[in-house]
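Biologist: I'd like a close look at one part of this model, please. By class, what does the lining of the largest pocket have?

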Amino acid sequence: MISVGRLLDERLVFVDADVSTAEEAIRLMAARLQECGYVEDGYAEMVIAREKVFPTGLPGKAMSIAIPHTDPTLVNRPAIGVIIPREPIEFDMMGEIGTKLDVKLIMPLVIKNPGQQIELLKAMMHVIQDGERLMRIRSSRDKSEILELLSGLEEAVD
């Protein structure tokens, strides 16, 4: 099974990713998103530029996560990616540029319809606040299990 629904796709799940910076993680995901037709060329640069001004690191109950995203200019269709880095990666905290978080889970959001962004972010907050689920995602090496743990996010864009 490649996808759980419209947003989740096994091809967008990176387990034990060998990335050491936020920019490397964003470029890794953007390359796969482009390869799979989700976004157009230039998407990585847009996300990286936005991250510098509007950082997306969020402290969670069990671990910090990041949800890098940008406006829909270069987006063909929406998606949610998952990057589980081998070692934690530094992201600036949302709303506090310069405050560094050691992020253990990166979930890039690819938003096509800006009207769905708020609902998707609300759904993401439920995931972030569920420490047990975050730990299960972080420790899993099974892409379909990871997507199953995130399947509730599909409801955010119905």
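Modeller: Six charged residues, four nonpolar ones and no polar ones. (Asp, Glu, Lys and Arg count as charged, Ala, Val, Leu, Ile, Met, Phe, Trp, Tyr, Cys and Pro as nonpolar, and the others, Gly among them, as polar.) Bear in mind that this is a predicted model, where local features need pLDDT of at least 70 and side-chain atom pairs pLDDT 80 or more, while totals for chains, interfaces and linings use all residues. Numbering runs from 1 along each chain as its sequence is written, and side-chain values use heavy atoms, with hydrogens and water left out.

The residues lining the largest pocket are Ala22, Glu23, Ile26, Ile48, Glu51, Lys52, Glu90, Phe91, Asp92 and Lys100. On a 1 Å grid over the protein atoms alone, a pocket is an open set of points with protein on both sides within 12 Å along at least five of seven lines, a cavity is a set where a 1.4 Å probe fits but cannot get out, and lining residues have an atom within 4 Å of a point. Helices α1 and α2 and strand β5 each give two or more residues to the pocket lining (helices are DSSP runs of H or I, at least four residues, and strands are runs of E, at least two, numbered from the N terminus).

Ile26 is a good one to follow inwards. Ile26 sits in helix α1, and its relative accessible area is 6%, so it counts as buried (under 20%, with exposed over 50% and partly exposed in between, for a 1.4 Å probe and protein chains only). Setting aside residues up to four places away in sequence, Ile26 touches Ala44, Val47, Ile48, Glu51 and Pro68, contact being heavy atoms within 4.5 Å. Of those partners, Ile48 and Glu51 also turn up in the pocket lining. Tyr43 is 17 residues from Ile26 in sequence, and their C-alpha atoms are 9.5 Å apart.

Now for the largest cavity. Ile26 is in the lining here too, along with Met29, Ala30, Leu33, Tyr43, Val47, Pro68, His69 and Pro108. By class that makes eight nonpolar residues, one polar and no charged; the pocket lining, remember, has six charged residues. Both α1 and α2 supply at least two residues of the cavity lining, and α1 has the largest share, with four.

From the cavity lining we can move on to the largest nonpolar core. Leu33 and Tyr43, together with Ile83, have the most contacts inside this core of 29 residues. (Such a core is a set of buried Ala, Val, Leu, Ile, Met, Phe, Trp, Tyr and Cys residues joined through side-chain atoms within 4.5 Å.) At least two of its residues come from each of β1 (8-17), α1 (22-35), α2 (43-53), β4, β5 (89-93) and β6. Once again α1 stands out: with six residues, it gives the most to this core. As for Ile83, its contacts beyond four places in sequence are Phe14, Ala17, Val19, Ala25, Met29, Leu105, Ile106 and Pro108. Two of these, Met29 and Pro108, are also among the residues that line the largest cavity. There is a second, separate core as well, with 26 residues, including Leu8, Ile65, Ala123 and Leu153.

So if you're browsing the model, Ile26 is a handy place to start: this α1 residue lines the largest pocket and the largest cavity.
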